[in-house]
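Here is my note on the model you sent. Please read the points with the structure open beside you.

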Amino acid sequence: MLNNITDCEEGEGGHNSQGDGNPKESSPFINSSAASDAEKSQQYDGKNMALFEEEMDTSPMVSSLLSSLANYSNLPTGSKEHEEEENNEEGARPSKKPVKAPQLGTLMGVYLPCIQNIFGVILFLRMTWMVGIGGVFGSFVIVFMCCSTTMLTAISMSAIATNGVVPAGGSYYMISRSLGPEFGGAVGICFYLGTTFAGAMYILGCIEILLIYIIPQAAIFKIEGLEGAEAEAALLNNMRVYGTIVLSLMALVVFVGVKYVNKLALLFLACVILSILAVYAGVIKTAIDPPVFPVCLLGNRTLLSKGYDVCAKVIEIDNETITTKLWRSFCDSESLNATCDEYFTNNNVTEIQGIPGVTSGILAENLFGNYLEKGVFLEKRGLASDVDPDSPITSSNRYVLSDITSFFTLLVGIYFPSVTGIMAGSNRSGDLRDAQKSIPIGTIAAITTTSTVYMSCVVLFGACIEGVVLRDKFGEGVSGNLVIGTLAWPSPWVIVFGSFFSTCGAGLQSLTGAPRLLQAISRDGIIPFLRVFGHGKANGEPTWALLLTASICEIGIIIASLDAVAPILSMFFLMCYMFVNLACALQTLLRTPNWRPRFKFYHWALSFLGMSLCLSLMFICSWYYAIVAMGIATCIYKYIEFCGAEKEWGDGIRGISLSAARFALMRLEEGPPHTKNWRPQILVLVSVDADQNVEQPRLLSLTNQLKAGKGLTIVGTAVQGTFLDNYTEAQRADQSLRKLMEMERVKGFSQVVISSNLRDATSHLIQVGGLGGLKHNTVMVSWPRNWKQPEYHQQFRNFIEVVRETTVASMALLVPKNISSYPSNGERFTEGHIDVWWIVHDGGMLMLLPFLLRQHKVWRKCKMRIFTVAQLDDNSIQMKKDLITFLYHLRIDAVVEVVELHDSDISVYTYEKTLIMEQRSQILKQMHLTKNEMEREIQSITDSSRGSIRRKNPSASRSQHSAEEGTSVAERPEEEAQLIHSKNASTPTSPTSPTSPAGPAGGAATWTDNRGADKGKNLFAASPESVKDLFNMKPEWENLNQSDVRRMHTAMRLNELIMKKSKEAKLVLLNMPGPPKNRVGNENYMEFLEVLTEGLNRVLLVRGGGREVITIYS
């Protein structure tokens, strides 16, 4: 339907829904709550629309949709609105202000903001040093890599930004809506941290300009007279103190009102543009008239400008040789015969021009890098120097030294922040007249401009400035001037003040933007612990978010080094850009129907290239910072996945999941899984009461405990009725199933089927559950309670049909009996056993299930015991050895016990139980009695039968095997088990049922043992007449179905044996006999199973699916 097609995510649309995660608003176009019933009736009153009357509540007419589209506005509650609200607070608040249409075009709305954000502190403070250290060639490579990364990211961002309306939120909005809340939240936090640390970097750059180039006298910790580590520590402490002060002032300005920041934005932009123009003007001037910036060298070492007044050792005044300040710096006295530094004595002082000019040919000398260790002298290439390698270094504080160990990857990390800021246009999309046109053009044009400036600056700096001056980070060799300022025209102060104000402005903008980004993330509600930061002042100012931002920013201030902070924010921005590229690539490759960007100049290969560049640059900059940043993002991702609010934003990750699921399902269709890959894919059949609540919740607890093998879980139930009438009940049942699955931590799917009767519905679940190759191979159903009572007869008949259907479908079947006594997921067994009674081979299900259960904390401390049955001709000792070897190869730890079952006679008690069972079946079929009458009739038959049997009647005949062995049944020990084959019966038997447990020879076999001397007497010697006299009812013993007698005999004897061995076990797993072929014996089958499991607390009846599920091979 149309409103489904135009559905928009929570948190989108107008400012009323911006970030609030309100699920009630399903569309940004249709405000259904605003239309009254009267309006609706007028809207659809036309007779020619009568055909669509039923759809009018959910589907709008095309005319109303177009009207809503025309009036739609996505103006965010941004800084502009905050400013207006503050102005309104100062004056009289109007009752309602008309919403102004956005007026900003490409130039003012995207291009200039991007220019202002991209050009920053690195250009002014570190660009010349990077060219000097890395060389023109190396620096050009760095600039080209970084600019290519941002250009490719801008192309991807343009595609995403033009694929529909992008409200304010920039990259966070684009990534979260493209890659889902988990990726969006993780990358949104990374982008927030990057913006926050960028604020710290700008403040540190501002303080560096202030204390080194403008007023060095303001330093609290004096650097004069300090050397090495002490001087460095004093500088960092100054940065910390002043940085904290400036951060507090900036945070106060942002808190008082964003309008002041917005009003100063134009001034800051003008400072940036004027500074860059001054640099280009200075380059042009060097070609005509190079400026005089002398640099003094001793040998080839650069001298500190504050260490000399004249670049000479001695000067001639009135024919008298006088020593200079430089001499006094290296010698112990002013006299010419003073003892001087050896290097000073052996080398001459020369003065060179710091800026020889663009035509000087200095470019060739600066072409290649000159990476330095910390504390190394800045030396001019190609200049002779007489130095004794064995002599100790002295007077090092007289020279310009390298303050940091430099290498290529460090330069990348320091430089990359100078190309960030490309999101400025997309962040202002709400203020743009035509965002889908302006964002691509403005952003790409800004990146092109800045990249051209950066690349040209690399070449021009190398062509104009002497190498030792380029490598002089703080201008200590050129009278403490900013190096880039020495190149500027008309004065170095243009650059100094221009860069100071631009860094101040950039810091203010970071402190303005970061809290709003955090507020948008908080209001989306995807990260629960951040929700407090979604609140603010009455006008929407993010007060708490600003406080957190200032606190994080203080961490960067405490680090205090611009060179150390820059790689940190590089990591966060690179991660953000990487996911923008990933989002575009995925949307392109998945070809989702909604992916229709207006910007056509994109390709998935470009996006992947951009993503690869971002990832590479992360590890190039700093591999340990990269790992930390990815660790933070991963932690946030997992936190949102487990604890965050579930959002459906139509993201690309869901698209990947769909594509991957389709591919995997197609692969599964190629054939059945190998035994090594087999795992129980369980369909859990549960029943619901009248209120649609699950009646057997412990079934899901057991399912959870079995899911150590992972695999598929489907929890299914049936609702009786028709789809049209009972759909609401089915929905309630589905919600009940989902809630219980969540509570029991069962990961899987719920399925509800509506049918005219529950039997067909259950059959449909078994047939159609799953999809393609991902179908269930195991069915779990609870034992029917109170099945003997007449009102529950249909339940046990349905149960037996489930057994038959799973057998036909070659599915395994698990039937837990007394499910209410099974442990919940919170219980723990500290000791006990899980006993497996392995009577027939079922493909290994009986071995696999205890292993899976013991992976769960409920059963972990239980030990596993396996009981198996030895027949008359078997060597029980050898069987035990073989079984131990088999379990060893299966890597299963269990205690093995072999139980010997021999032939025995059928006891009187067995005939009694069989007789009662058959009489009960006949009575229920032939008599149509009321419930109470039926129960009384059954009770009277049972009482009369038990009263007439004499348990100690001596046996006159014995079975064939007993005669051959010459032993008496009464003489055998009570616990001895015996085996009776069909050929040993004294009366003809019916053909062997295929559902009876089959021995290795393929014959039908049932297992019994003696019930003691009083019950072990056979009544075969009794004549038919005496039987009739004894019971005085029909059918007599000789007319009993001998197959039923043998089955009852098996059930009773096995039950006695299991009770003796496993009564105290925490769980007994047992082969489940197959159902009868015809439906006449359904009641008898249930009776057999009841007798087999009588007295046991927890029993899990297991039927294999007809294939091997466990293997000894690797």
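1. A cut-off comes first. A residue is called buried when its relative accessible area is under 20%. At 0%, Trp837 is therefore buried. Keep in mind that this is a predicted model.

2. Overall make-up. The protein holds 35 helices and 17 strands. Of its 1114 residues, 53% are buried. Take the contacts with a separation of 6 or more: 80% of them join residues 24 or more positions apart.

3. The partner of Trp837. Trp837 and Phe867 make a stacked aromatic pair, with 4.5 Å centre to centre and 10° between the planes. Trp837 sits in strand E11 (residues 833-838), and Phe867 sits in strand E12 (residues 863-870). The two residues are 30 apart, and their pair links distant parts of the chain. Phe867 has a relative accessible area of 2%, so Phe867 is buried as well.

4. Other rings. The count of aromatic pairs comes to 24. Phe330 with Phe344 is a stacked pair, 4.8 Å centre to centre and 5° between the planes. Phe330 belongs to helix H11 (residues 325-330) and Phe344 to helix H12 (residues 342-346), so this pair ties together parts 14 residues apart in sequence. Are these two rings buried or exposed? Phe330 is buried, at 4% relative accessible area. Phe344 is buried too, at 1%.

5. A ring cluster. Phe330 and Phe344 are also members of a cluster linked by ring pairs. Its other members are Trp327, Tyr343, Phe377 and Tyr399.

6. The largest nonpolar core. How many residues does it have? It has 164. Met127, Val143, Met201, Tyr415, Tyr454 and Phe461 have the most contacts inside it. Helix H8 (residues 170-214) gives the most to this core, with 25 residues.

7. Met201 in detail. Set aside its neighbours within four places in sequence. Met201 is then in contact with Val121, Ile122 and Pro417. Met201 also contacts Leu562, Val565, Ala566 and Leu569.

8. A second core. This one is separate from the largest and has 46 residues. Among them are Phe799, Ile800, Val815 and Met1059.

9. Helices H7 and H15. H7 covers residues 127-161, and H15 covers residues 435-464. Their axes come within 9 Å and cross at roughly 170°. An angle over 145 degrees counts as roughly antiparallel. H7 and H15 are therefore roughly antiparallel to each other. The residues of their contact divide into 22 nonpolar, 9 polar and no charged.

10. Helices H21 and H22. H21 spans residues 604-621, and H22 spans residues 623-643. Their axes come within 5 Å and cross at roughly 125°. Which way do these two helices lie relative to each other? They are oblique, because that angle falls outside the ranges for roughly parallel, roughly perpendicular and roughly antiparallel. From H21, the contact uses Leu615, Met618, Phe619 and Cys621. From H22, it uses Trp623, Ala626, Ile627 and Met630. By class, this contact has 8 nonpolar residues, with no polar and no charged ones.

How values were computed:
Residues numbered from 1 in each chain as written. Predicted model: local features only at pLDDT ≥ 70, side-chain atom pairs only at ≥ 80, totals over all residues. Heavy atoms only, no water. Axes fitted to C-alpha atoms, helices over the stretch in contact; angles between N-to-C directions. Helix = DSSP H or I, 4+ residues; strand = E, 2+ residues; numbered from the N terminus. Parallel < 35°, antiparallel > 145°, perpendicular 65-115°, else oblique. Contact = heavy atoms within 4.5 Å. Nonpolar A, V, L, I, M, F, W, Y, C, P; charged D, E, K, R; others polar. Core = buried A, V, L, I, M, F, W, Y, C linked by side-chain atoms within 4.5 Å. Buried < 20%, exposed > 50% of the residue type's maximum accessible area, 1.4 Å probe, protein only. Phe/Tyr/Trp six-rings, centres within 6.5 Å; stacked < 30°, edge-to-face > 60°.
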